[in-house]
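Colleague: I am new to this structure and would like to go through it in questions and answers. Please keep to plain answers.

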Amino acid sequence: MIQYNSIREIVEVAEKAGLKISELCLKDQAQQLGITEEELYREMEKDFDVMIEAADWGQQPGRISRSGLTGEEGYRMKQYAEHKGGLTGSLMTKAMARALAVSNCNAAMGRIVATPTAGSCGILPGCLVPMYEDRNFSKRDVVMSIFTAGAFGMVIATNACIAGAQGGCQAECGSAAGMAAAALVELMGGTPAQCADALGMVIVNELGLVCDPVAGLVEIPCIKRNAAGVILAYACADMALADIGLKIPADECITAMKEVGDRMSSDLKETAGGGLATTPTGKRLREQVFGKE
Amino acid sequence: MNIFNIIGPVMIGPSSSHTAGACRIGRVVNKLAGDARIVRVCIQLSGSFARTYQGHGTDRAILAGILGYYSWSEELRDSMRIAAERGLSYEFVPEDIPGTHPNTARVYYECDNGKQGMVEGASIGGGNIQITNIDGMEVNFTGDNNTLLILHLDRPGVIAAVTHLMYEKYGDLNIGNFRLSRKEKGGEALMMLELDQMPPESVIEDLNNIKNVERAILIRALG
């Protein structure tokens, strides 16, 4: 049984056993949940199918949020990716389109998988759906890589937190992007240690990010932070695969994130009491949706 | 914790506490109504629920739950239209319910057979809920575990009959938590049993056959 309270331990156990982190996690979780590995895999495949559906749904025109504050982000990015390619190349623009689409799907009351939360639900699909649909990785490998993301996510949830209300956006989008970066590294043939490096690099880059949703809704700035999380995940996966190495071990990065989250004012943790939420425009948009206080 | 706490739940957006949790509170109402058709609900929303329910779709989510849908049902979005089609009239009332969790809802419901009831619960994050009151009786369960609710008359022997049945016929089911509430001596009472396993359908029928048990229902874990 794995305790999921140390990235280093997971990496060591996997490397010693000659397993990918995903394989180790699948074995362990099947045992803990009392089901077969194949049953567990199938459950995860269902979740991945929901991610694909959400990305498709959110890339259609006319997807507007309940509040009317946001909409069509995924559709517009898809159009741009297909017609212009984009500065960062079509893989990245298509990845961003998926992240925006899934986030938009969430805001428009579509069906999503919280990975790890609803607010950050676009990042993992934004990273993985293009690997399956555009880069032709096998579905099995892509679904398996989600176990690596999940294994690291459990460590973050155990040692820090994954909710914006508790730790700020660093804990939501930061965790999601870190998990996704690790999954990407594994898909690209990286080692367990490189997966951990990618996770740590993302946390290093998201550290301090506040949760300041306009009108308290999971829309502004959440949707765009999902696209940014995808770019960061790819960048950190590449840095890890290039063997640049992480100077502060991933476990210590997680502890730092917790400390920063604990010291963050509650105004900046999902309460819409600061940051973008209390800018003049942020307040005006709030009134637009909910009326005057 | 397991991997599906991190990869999951599958849910209708935009917020696990404002939609998924809200829907699950509504589902408890649906379960309590049983076969009777709910014709009228008054939904009081407190705290953050009261301030943001329209933007978050909390209203649609609770209503969807009351109609019997799940937090992952696409119908959640259209629950207001579906309620109108099924002849369920509803109203939402922002109401400060003192001393409760910021995301608390209280649902008063009325069925076509005249049955009335009330459920109070909070959405405590990540789609998880805590039900705090049913029909004026204090309860405390989260829905994390399969939960049996047994409405019964406060008479000697009912608890023994229930636990005896559970042990004799469903010995594989372990009771992880037990709580009893009642309005007054000899009146309506409520037993709550949290189970570590998923009970078979027959347990409900067997419980319903026990003398002085008015009705047993099962709230499935994460259902």
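**Helices, loops and salt bridges in chains A and B**

Modeller: Right after helix 2 of chain A comes A:G34, and its phi is positive, near 70°. Keep in mind that this is a predicted model.

Colleague: What span is expected for helix 2 of chain A at 1.5 Å a residue, and how far does the helix reach?

Modeller: Helix 2 of chain A covers residues 21–33, which makes 13 residues. At 1.5 Å a residue, the expected span is 18 Å. From its first C-alpha to its last, the helix is close to that value and reaches 18 Å.

Colleague: Which helix of chain B do the buried residues of helix 2 of chain A pack against?

Modeller: The buried residues of helix 2 include A:I21, A:L24, A:C25 and A:D28. Within chain A, the buried residues pack against helix 1 (7–17), helix 3 (37–58), helix 7 (139–159), helix 9 (169–187) and helix 10 (192–206). The partner from chain B is helix 1 (3–6).

Colleague: What does UniProt list for residues 17–277 of chain A, and how much of that span is helix?

Modeller: The UniProt record, an unreviewed entry, gives these residues as "domain: Serine dehydratase-like alpha subunit". In the model, the end C-alpha atoms of the span lie 48 Å apart. Strand makes up 1% of the span, and helix makes up 65%.

Colleague: Is A:N136 buried or exposed?

Modeller: A:N136 sits in the loop between helix 6 (123–133) and helix 7 of chain A. Its phi is positive, about 60°, although the residue is not a glycine. Most residues other than glycine have a negative phi. The relative accessible area of A:N136 is 63%, so the residue is exposed.

Colleague: And A:A215, buried or exposed?

Modeller: A:A215 also has a positive phi, near 60°, and is a residue other than glycine. Its place is the loop between helix 10 and helix 11 (222–241) of chain A. With a relative accessible area of 4%, A:A215 is buried.

Colleague: Which residue is joined to B:G13 by a cis peptide bond?

Modeller: Most peptide bonds are trans. In chain B, the bond from B:G8 to B:P9 is cis, with omega near 5°, and B:P9 lies in the loop between helix 1 and strand 1 (10–12). The loop between strand 1 and helix 2 (16–33) holds B:P14. With omega about 10°, the cis bond from B:G13 leads to B:P14.

Colleague: What is the relative accessible area of B:S71?

Modeller: B:S71 is in the loop between helix 4 (58–66) and helix 5 (79–85) of chain B. Not counting residues up to four places away in sequence, B:S71 touches B:V10, B:M11, B:I12, B:A20, B:C23 and B:L76. B:S71 counts as buried because its relative accessible area is 6%.

Colleague: How far apart in space are B:D135 and B:P98?

Modeller: B:D135 is in the loop between strand 6 (128–134) and strand 7 (137–141) of chain B, and is buried at 13% relative accessible area. Beyond neighbours within four places in sequence, its contacts are B:Y109, B:G117, B:M118 and B:K183. B:P98 is 37 residues away from B:D135 in sequence, and the C-alpha to C-alpha distance is 18 Å.

Colleague: Why are B:R81 and B:E85 separated by about one helical turn?

Modeller: The side chains of B:R81 and B:E85 meet in a salt bridge of 2.7 Å, N to O. An α-helix has 3.6 residues a turn, so residues three or four places apart point the same way. B:R81 and B:E85 are separated by about one helical turn because in helix 5 of chain B they are four residues apart.

Colleague: How many residues apart are B:D154 and B:R182?

Modeller: The side chains of B:D154 and B:R182 meet in a salt bridge of 2.6 Å, N to O. This pair links distant parts of the chain: B:D154 is in the loop between strand 8 (146–153) and helix 6, B:R182 is in strand 9 (residues 175–182), and they are 28 residues apart.

Colleague: How many salt bridges are found over all chains?

Modeller: One of them joins A:K292 and A:E287 at 3.0 Å, N to O. A:E38, A:R42, A:E45 and A:R140 are linked in a network of salt bridges. Over all chains, the search of the whole structure gives 26.

How values were computed: Residues numbered from 1 in each chain as written. Chains lettered and ligands numbered in written order. Predicted model: local features only at pLDDT ≥ 70, side-chain atom pairs only at ≥ 80, totals over all residues. Heavy atoms only, no water. Helix = DSSP H or I, 4+ residues; strand = E, 2+ residues; numbered from the N terminus. Expected span 1.5 Å × (residues − 1). Buried < 20%, exposed > 50% of the residue type's maximum accessible area, 1.4 Å probe, protein only. Contact = heavy atoms within 4.5 Å. UniProt positions renumbered as here; feature names shortened; annotations may be inferred. Salt bridge = Lys/Arg side-chain N within 4 Å of Asp/Glu carboxyl O.
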